[in-house]
Amino acid sequence: MPVPARDRATCSRCRKAAVYLQRATGRHLCAGHLGEEVEARVRNTLADDGISLAGSRVAVALSGGKDSTVLLSLLHGIARETRDLDLVAVTVDEGISGYREETLRAAAAVTARFRIPHRTASFAELFGESLDRRVEGQESRACSLCGILRRKALAVLAREEGADRIATGHNLDDEAQSVLMNWLRGDRDRILRDPRHHDGGEFMGRCKPLRRIPEKEVALYGMIRGLFSPMPECPYRQTALRGEARAMLNAVEQRYPGTLERVVEGQCRLARMAAGRILSPPGRCERCGDPASGRICQACRVLEGELFRTARRP
Ligand code: SF4
Ligand code: ZN
């Protein structure tokens, strides 16, 4: 949860009461200036990543959680002042009982509020089985499997909706955790891959407009704008390596504010150096035609039982 600034602190940009201490810069911000800064940073991120949304149809990956809800709201604001920017929200119901039901309701409510068309599909409909069922007996791998199949599901939905690009709600903390996890796994290709996903080339484009906004700021922005109430957490969340990476990075960020940003920026520099020299662009999966680093993409390997094979209930 966001750390509120001390009661007496005033905004570094005006005299109003501060609601947030931005530890990386040492500045206090009031609700108005925090909101302004988040909105400006999203616009700057898109510009710096070379992304123009004018004239495009963007599929916003909306889980109904805080990050994607804030993303939808910010893009809704940008769409009002961008020529021919068309938004569609796409939601994947992985089938996680006790968690998804509430976030699906929230996703439906926020798209109705902004009058944005909304498309939902479940793992069961798309892949024949819910996540809960698929990960039985190997719950600690739920996030890896979920990530691979959700990415595939979003691509299917975005294509069916005629989108040019998928926008996802990854925040700065998510991005730094991914960098650390890639190193911990020794995954050379992912270590060198550009995390910004700005250009799809022959594939659908992607973008991460929140990738420079810390999770705390995303949460506080959402509260300030009245976008959501607290949601349940996914029951699989802490079982993953991501949970460990999060704890490590939070501890270092606490002692050395600005670490998350430096980790992500370092990764971007490395990827720029590697582009076209060490890492070749992805090819096409022989089975489904989606991007793949080998002959067959990970989603097809999961669906064919070549990855994450498990004993099933009778
Ligand atoms: Fe999927 Fe893991 Fe996120 Fe849960 S925490 S929705 S299992 S990626
Ligand atoms: Zn494939």
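User: Why is the meeting of the side chains of R43 and E81 called a salt bridge?

Analyst: A salt bridge is defined as a side-chain nitrogen of Lys or Arg within 4 Å of a carboxyl oxygen of Asp or Glu, and the N to O distance between R43 and E81 is 2.6 Å, so the pair fits the definition. The structure is a predicted model, in which local features need pLDDT of at least 70 and side-chain atom pairs count only at pLDDT 80 or more, while totals for chains, interfaces and linings use all residues. Residues are numbered from 1 along each chain as its sequence is written, chains are lettered from A and ligands numbered from 1 in the order in which they are written, and side-chain values use heavy atoms, with hydrogens and water left out.

User: Where in the chain do R43 and E81 lie?

Analyst: R43 belongs to helix α1 (residues 31–48) and E81 to the loop between α2 (66–80) and β4, so that the pair, 38 residues apart, links distant parts of the chain; here helices (H or I, at least four residues) and strands (E, at least two) are DSSP runs, numbered from the N terminus.

User: How do you know whether E81 is buried or exposed?

Analyst: Buried means under 20% relative accessible area, exposed over 50% and partly exposed in between, with a 1.4 Å probe and protein chains only. E81 has 56% and is therefore exposed, whereas R43, at 33%, counts as partly exposed.

User: What makes D86 and R57 a pair that ties together parts of the chain?

Analyst: Their closest N and O atoms are 2.9 Å apart, which is a salt bridge, and because D86 lies in strand β4 and R57 in strand β3, the pair ties together parts that are 29 residues apart in sequence. R57 also has D86 as its bridge partner in β4, and both residues belong to a network of salt bridges that links them with R119, E160 and E161.

User: How do you know that β3 and β4 are paired, and how many bridges join them?

Analyst: Two strands pair if DSSP finds at least two bridges between them, and five bridges join β3 (residues 57–61) to β4 (residues 86–93), which run parallel. These strands are part of an open, parallel sheet of five, in the order β5-β4-β3-β6-β7.

User: Why are β5 and β7 called edge strands?

Analyst: β5 (118–122) and β7 (205–207) are the edge strands, since each pairs on one side only.

User: Which atoms are the protein donors of the zinc ion (ligand 2)?

Analyst: Donors are N, O and S atoms within 2.8 Å of the metal (3.2 Å for Na, K and Ca), and water is not among the atoms, so sites may look incomplete. The SG atoms of C285, C288, C297 and C300 lie 2.2 to 2.4 Å from the zinc ion and are its protein donors.

User: What makes the arrangement around the zinc ion (ligand 2) tetrahedral?

Analyst: Four donors count as tetrahedral if all angles lie between 85 and 135 degrees; four count as square planar and six as octahedral if opposite donors are over 155 degrees apart and all others between 65 and 115, and anything else is irregular. The angles subtended by the four donor atoms are 104 to 116 degrees, which makes the arrangement tetrahedral. C285 lies in the loop between β8 (283–284) and β9 (291–292) and C300 in helix α12 (residues 298–303), so this pair ties together parts that are 15 residues apart in sequence.

User: How do you know whether C285 is buried or exposed?

Analyst: The relative accessible area of C285 is 4%, so C285 is buried, and C300, at 8%, likewise counts as buried.
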